[in-house]
Amino acid sequence: MLLIIVFILIGSISALVISLSEDDFMFNEYIERTVEYEQIYMMSDLAFEAVKEILKNDNSKVDYYGEFWSQNIIIPIENGKINIQIVDQERFLNPNYLVNLDDTVNQKYFSIFERLFSYLNIDERVLYNIIDWIDKNSQSDGGKEIYPDFVAKNSKIDTLEELLLIEGINDKILYGNSSSSGLNLGLNSVLSPYSNGKVNINTASKWVLMSLDRDIDEALANEIVLYRKRKYFKDIKDLNLVEGVTGDIIHRISGLVDVKSENFLVNIDITFGDREYKMFLLLNRKGKNIRKIWQKVY
Ligand SMILES: [Ca+2]
Ligand SMILES: [Ca+2]
C-alpha cells in the first residue's frame, strides 16, 4: 500500500514537472507537501512501532480500562505533536455476525441487535435490511435486496460508512446526534466490523452490555460498569460477583463474551506546523504477535 502511494507520488511529481514548470511557486509548494507526506509516513511508522511495543508488553489474556494501551498517548515532536488513541474493537458488536457462514441468520446475534435497535430507537426493518445486505443470497429475509441504482452487497461489511448505503440508515443513525435531548447514540458508538464477535465485558459500553441478554437491564448494566471501575473481570465467571447477575445470564452469554480483546483501531493525530493529519491503523494481536491489517491517511 505504502509502496503504491510512493509510486503514485513519484508519478505525480514527474507529471507536475512538465505541467507546472512555469509555476515555480506552486511546484515548490507541492514538493514541500510531498516531503511533509514522507515525514508523516515516517512518523506513522514510528507510531506503529510504539503501539506495537505497548501491545506486546501488555497481558493479552485480559484487557480492561486502566491498562497502558487504553490511555491517550501524546508524543511531542518538533513543530507539533503526535496523539495516539488505541481503541479495542471487542467493546463493540460486529454486524457481520448476524449472518452465519451457511448464510442463515444467527438467532443469538439477531436478538442482541433487536434489543440494541430498540434502545437506539431504530426501526427494526433496518435490521432486516442489514441482514439482506450481508447475506450472500438475493432473496429477501424481510429486508431490501434490490435498490433503485444498485443491488445489496451480499457480502460482509468492511467499513461502518458502508452502512449509509443501506436503506433506513442515515447520518443521524450512524453518527448520532448530540443536539437534541435524550439518547441519540449513533451506531458508530456500538458497532464495529473489525471485532472478532466476542464482546469484551471489561470494555463494552452499557448499551452493548444491555443488548447481550434480555435480563441485563439498565440498572444491572450500570452495576457491571460500576464494578469495573474498581476491579476488572479476569474471567467471564467473575460476572457473578456483580449483584444481580445470575448463573442463567452467564450461561446464556458465555459464548458471546470474553475478557480480552484481539483487534485494535489506532487513531493517530499528527499536528505538524499549521497542518493536521489523521491516520488510522487496524492491528490484530495474537499473544505477542501484532499484525497490521491496514493503514489509512487523511
Ligand atoms: Ca491486557
Ligand atoms: Ca443478500
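**Entry 1: a pair in the sheet**

I began at Ile75, and I found that its bridge partner in strand 2 is Ile82. The model I am reading is a predicted one, and I keep that in mind for every entry that follows. Moving to Ile74, I noted that its bridge partner in strand 2 is Asn83. Both pairs belong to the join between strand 1, residues 73-77, and strand 2, residues 80-88, where I counted five bridges and an antiparallel course. I then looked at the turn of this hairpin, which has two residues between the strands, and I saw that Asn79 takes a positive phi near 75° there.

**Entry 2: the rest of the sheet**

I next asked what lies on from strand 2, and I found nine bridges joining strand 2 to strand 5, residues 263-272, again in an antiparallel arrangement. As one example from this join, I wrote down that Val87 stands opposite Leu265 in strand 5. Further along, strand 6, residues 275-286, runs antiparallel to strand 7, and I recorded eight bridges between these two. Here I picked out Met279, whose bridge partner in strand 7 is Val297.

In what order do the five strands of the open sheet stand? I read the order as 1-2-5-6-7, with antiparallel pairing. Strand 1 and strand 7, the latter covering 289-297, stand at the edges with a single partner strand each, so one side of each has no neighbour in the sheet. I also noted that the twist averages 20° from one strand to the next. For background, I reminded myself that strands of a sheet pair through backbone hydrogen bonds, either parallel or antiparallel.

**Entry 3: the whole chain**

Stepping back, I listed eight helices and seven strands in the protein. Of its 298 residues, 28% are buried. I also looked at how far apart in sequence the contacting residues lie: among contacts with a separation of 6 or more, 56% are between residues 24 or more positions apart.

**Entry 4: helix 4 and the cores**

I turned to helix 4, residues 124-134, which I found mostly covered, since nine of its 11 residues are buried. The buried residues include Val126, Leu127, Tyr128 and Ile130, and also Asn129, Asp132 and Trp133. What do the buried residues of helix 4 pack against? I found that they pack against helix 3, residues 107-119.

The largest nonpolar core has 41 residues, and I noted Leu93, Leu98, Ile130 and Leu209 as those with the most contacts inside it. The elements that give two or more residues to this core are helix 3, helix 4, helix 6 (206-212) and helix 7 (218-230). Helix 4 gives the most to this core, with seven residues. I followed one of the well-connected residues, Leu209, and, setting aside residues up to four places away in sequence, I saw that Leu209 touches Ala204, Ile216, Ala221 and Ile224. A second, separate core has 15 residues, and I found Trp69, Ile268, Tyr277 and Met279 among them. Met279 is therefore a residue I had already met, as the bridge partner of Val297 in strand 7.

**Entry 5: Ser60 and a distant partner**

I looked up Ser60, which sits in the loop between helix 2 (24-56) and strand 1. Is Ser60 buried, exposed or partly exposed? I counted 16 other C-beta atoms within 10 Å, and because a residue needs 20 or more to be buried and 12 or fewer to be exposed, Ser60 is partly exposed. Leaving aside its neighbours within four places in sequence, I found Ser60 in contact with Lys260, Arg285 and Gly287. Ser60 and Lys260 are 200 residues apart along the chain, yet their C-alpha atoms are separated by 6.8 Å.

**Entry 6: two loop residues with positive phi**

Lastly I checked two residues other than glycine in which phi is positive. Asp103 has a phi near 75°, and I located this residue in the loop between strand 2 and helix 3. Asp103 has 13 C-beta neighbours inside 10 Å and so counts as partly exposed. Asn154 has a phi near 55°, and I placed this residue in the loop between helix 4 and helix 5 (171-175). With 14 C-beta neighbours inside 10 Å, Asn154 likewise counts as partly exposed.

Definitions and conventions:
Residues are numbered from 1 along each chain as its sequence is written. Chains are lettered from A and ligands numbered from 1 in the order in which they are written. This is a predicted model: local features need pLDDT of at least 70, side-chain atom pairs count only at pLDDT 80 or more; totals for chains, interfaces and linings use all residues. Two strands pair if DSSP finds at least two bridges between them. Helices (H or I, at least four residues) and strands (E, at least two) are DSSP runs, numbered from the N terminus. Two residues are in contact if their C-beta atoms, placed from the backbone, lie within 7 Å. Axes are lines fitted to C-alpha atoms, for helices over the stretch in contact, and angles run from 0 to 180 degrees between N-to-C directions. A nonpolar core is a set of buried Ala, Val, Leu, Ile, Met, Phe, Trp, Tyr and Cys residues joined through C-beta atoms within 7 Å.
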